[in-house]
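Reader: I have a new model open and would like to learn how to read it. Can we go through it together, starting with contacts?

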Amino acid sequence: MRVTAPSRVVFILICLALIPLFALGREPCHVGKPGGLAARGFYWRDCDASHNAGKLVVRIWDACGFGGVNFFNQADCVTGGTPFYWGAEYPKRSGICYLDAVSVAVGGILHNDTLASQFYEWRSLPPEGYWEFRSILDPSAPEYEGAVSQQDFITKSTDTVTVGLPNLIDYPGPHRPLFLELTRRSYSWSYGYAEDFVLFDLSIKNIGSARISDAYVAFHAWPDVGFKGGTGVTYADDLGGFVKTVPSPYGCGFVDTLNIMWWADNDGDPVDGVFTDRKVVSPEGDVIKSCPDVTGIYIIHPPVAAGRKEWGKATLSYNWWYST
Ligand SMILES: [Ca+2]
Ligand SMILES: [Ca+2]
């Protein structure tokens, strides 16, 4: 097959901090029954938001993940308008989706029991579960105070709600929290050198009263790559992997460490062997547009304990699964 356009690589960068996950914390807070959709086993915000300052658009919601489809047609938390619908899009307004969702899972041993909190088990309830928006774009605006990027979103989630959660297939018992608080700060810019990535800064804090040992932090990604203007299924042919090292561009046999988790469409959906950024009607009558780019997560640094400057002694691993 002949392809003529080089693939670009877009990244979601993540840096992690553990604030003191292994130390004493305060007593658990707001353990209770959330309202609204929680009565049906779910709790979602009244609004969500998206990073769209650069070319890479990433939908965000609670601190426990990003991407995801806006099933509930929530309003945009900042503009009040219609929010971005898919998990991620590149380039902006192309209609080409590059992500279903990414969720954060944390596991560890608490009171001699192995526990994990993931996806449906995080909640963002007031007062901790607030949204905060900041921006450097307008120095006269109230959101300018303390801003880092053109779009700063800050929010928190906890795993302490134990009522109203759906039973999971692989763990049908009631949710047992680790008593954790996630704080996510995410940033995006429109500058040429920064328009292809969104930066996430994730802090994990033990808000319980006991020590957690042997903790793990995971990013669980569901790819969905393809043009959403047609009728075809876009996720069924996607590929993913992990690039640990690459040959250094400086040669001499040097090797650069990357440690990047990536996903992409299997062939970028070319039309007659050529990538196209225009909509083309296939012989079957479907509307096609190529999706030649690669999306990935790069962990800038592993967890750093609060108050310390040295990197944590984290071990990095990668696993994949195939959904039928
Ligand atoms: Ca695909
Ligand atoms: Ca394909």
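Author: Sure. Two residues are in contact if their C-beta atoms, placed from the backbone, lie within 7 Å. Keep in mind that this is a predicted model. Here, of the contacts in the chain with a separation of 6 or more, 69% come from residues 24 or more positions apart.

Reader: What secondary structure does the chain have, how many helices and how many strands?

Author: Zero helices and 20 strands.

Reader: And how should I treat the confidence values?

Author: Where pLDDT is low, don't read the predicted coordinates in detail. For this chain the mean pLDDT is 81, with 77% of residues at 70 or more. Among the elements, strand β15 (residues 226-227) has the highest mean, 95, and strand β1 (residues 9-19) the lowest, 61. Then there are residues 1-6, where pLDDT is below 50; that stretch has 13 contacts in the model beyond near neighbours in sequence. Residues 22-44 are also below 50, with 44 such contacts.

Reader: Now the interior. Which residues have the most contacts inside the largest nonpolar core?

Author: The general idea is that nonpolar side chains tend to be buried together in soluble globular proteins. In this chain of 324 residues, 35% count as buried. The largest nonpolar core has 47 residues, and L56, V58, A88, C97, Y98, L178 and L182 have the most contacts inside it. Elements giving two or more residues include β3 (57-60), β7 (96-99) and β17 (255-265), while β13 gives the most, six.

Reader: What does C97 touch?

Author: Leaving out residues up to four places away in sequence, its partners include W86, A88, D224, G226 and T234.

Terms used: Residues numbered from 1 in each chain as written. Chains lettered and ligands numbered in written order. Predicted model: local features only at pLDDT ≥ 70, side-chain atom pairs only at ≥ 80, totals over all residues. pLDDT = per-residue confidence, 0-100. Helix = DSSP H or I, 4+ residues; strand = E, 2+ residues; numbered from the N terminus. Core = buried A, V, L, I, M, F, W, Y, C linked by C-beta atoms within 7 Å. Buried ≥ 20, exposed ≤ 12 C-beta atoms within 10 Å, placed from the backbone.
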